Amino acid sequence: MKFLRNVGLTVLLLISIILLGINIYGEFQSLTPDGVLNTDLRFRQDKTLTFKESLTAIERERNESDADYVRRLNDVVAKSLAHIHWNENNDIDLYYQRVPIWENYILYIMSLVTNMPEYSKYHFGDYERSLERGIGICGDASMIMSQILEKEGIESQIVSFPGHVILEAKLGNGEKVLSDADFGVIMPFSVEELNEAPYLAIDHYKNKGFSDREVGGLVRSYGLENEKWDGVKHFITKKYYFEYFAYFLKWAFPLALILVVWMIYRSKRYGN
């Protein structure tokens, strides 16, 4: 019995050491993939800023108005994310669509033990991790915008249309603008105005060089029903809090195992 107990304690200690080793190794790794192939980009010259450049560029400039900041931030986010062919890409580890084990072994394990596609091709709730990875689609871009604007005290709502997600920002003067940071487009009207007259979006996308096919698909989507979300916590509530918990637990779990092993060993040592 004593032998089995010692074996069990040794196994727990080894598990905790391995997990801590994975975490420490991950601290020296980057979520930014080595490279994004041109064949995997939806748009040409899609990503032009590094993670470090993005973090600097998202800072609000002194005396920058709400309107100027939202417009500039929209452009920064557009240049920070490469829109790969998200669902068509079969190698989920190539661009870290699946969270690497060294980044968070809990989210990695979730991709193995569940059938939920959101863990196989993961969208980060935390905007800095999303910017660091440097890939994403419309929802990622809108969530990044939402969190940064919230920090700056600018009201916004994530707006989901069938097949596309954008963001509506309310400026200090009460004016509303729409941000499609995935396409790098700003539109000077509200969701209601766009929904009633989707053709208003045409020139804004064509001026950015998008094709009639791309623009036509968006215009059709903008004429359909939409839903508004009060920030990322509302948009992906369960996943947002689970991600937060997973990043806490990835350190807490192995440390707790070590504490349990130490307490059991100490109690047996002084109890005998």
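Asp93 is partly exposed, with a relative accessible area of 35%, where buried means under 20% relative accessible area, exposed over 50%, and partly exposed in between (1.4 Å probe, protein chains only). The side chain of Asp93 meets that of Arg98 in a salt bridge, 2.9 Å from N to O; the term denotes a side-chain nitrogen of Lys or Arg within 4 Å of a carboxyl oxygen of Asp or Glu. Arg98, by contrast with its partner, is buried, at a relative accessible area of 12%.

The structure is a predicted model, in which local features need pLDDT of at least 70 and side-chain atom pairs count only at pLDDT 80 or more, whereas totals for chains, interfaces and linings use all residues. Residues are numbered from 1 along each chain as its sequence is written, and side-chain values use heavy atoms, with hydrogens and water left out.

**Overall architecture**

The chain contains 12 helices and five strands; helices (H or I, at least four residues) and strands (E, at least two) are DSSP runs, numbered from the N terminus. Taken along the principal axes, the C-alpha atoms fill a box of roughly 80 × 40 × 35 Å. Of the 272 residues in the chain, 46% are buried. Contact is defined as heavy atoms within 4.5 Å. Among contacts between residues at least 6 apart in sequence, 65% join residues at least 24 apart.

The exposed area of the chain is about 15,100 Å², and carbon and sulfur atoms supply 56% of it; accessible areas come from the Shrake-Rupley method with a 1.4 Å probe, and for residues only the protein chains shown count as cover. The chain carries 30 positive and 37 negative charges, whose mean positions are 10 Å apart. In this count Lys and Arg are positive and Asp and Glu negative, while His and the chain ends are not counted. Each charge is placed at NZ of Lys, CZ of Arg, CG of Asp or CD of Glu.

**Salt bridges**

A search of the whole structure finds 11 salt bridges. Three of them, including the pair already described, are listed below.

| Positive residue | Negative residue | Closest N to O distance |
|---|---|---|
| Arg42 | Glu214 | 2.6 Å |
| Arg98 | Asp93 | 2.9 Å |
| Lys206 | Asp212 | 3.0 Å |

Arg42 forms its salt bridge with Glu214. Arg42 lies in the loop between α1 and α2 (51-57) and Glu214 in helix α10 (residues 212-222), so the pair ties together parts that are 172 residues apart in sequence. Arg42 counts as partly exposed at 35% relative accessibility, and Glu214 counts as partly exposed at 22%.

In the pair of Lys206 and Asp212, Lys206 is partly exposed at 40% relative accessibility, whereas Asp212 is exposed, with a relative accessible area of 56%. Elsewhere, Glu61, Glu64 and Arg72 are joined into one network by salt bridges that share partners.

**A buried lysine in helix α12**

Lys250 belongs to helix α12 (residues 237-271). This residue is buried yet has no salt bridge; Glu27, the nearest side chain of opposite charge, is 4.5 Å away. Leaving aside residues up to four places away in sequence, Lys250 touches Asn23, Glu27, Trp102, Glu103, Asn104, Tyr105 and Ile106.

**Nonpolar surface patch and Val219**

Val7, Val11, Ile15 and Phe253 form a nonpolar patch on the surface, with about 290 Å² of accessible area together. Patches are made of residues with over 30% relative accessible area and no salt bridge; like charges are joined within 9 Å and nonpolar side chains (Val, Leu, Ile, Met, Phe, Trp, Tyr) within 5 Å. Helix α1 (residues 2-26) supplies the largest share of the patch, three residues. Val7 lies in helix α1 and counts as partly exposed at 36% relative accessibility.

Val219, in helix α10, is buried, with a relative accessible area of 18%. Val219 touches Pro198, Tyr199 and Ile202, not counting residues up to four places away in sequence. Between Val219 and Tyr205, which are 14 residues apart in sequence, the C-alpha to C-alpha distance is 10.0 Å.

**Backbone conformation**

Most residues other than glycine have a negative phi. Asn63, although not a glycine, has a positive phi of about 65°. Asn63 is found in the loop between α2 and α3 (66-80) and is exposed, with a relative accessible area of 77%. Tyr96, also not a glycine, has a positive phi of about 60° and lies in the loop between α3 and α4 (105-113).
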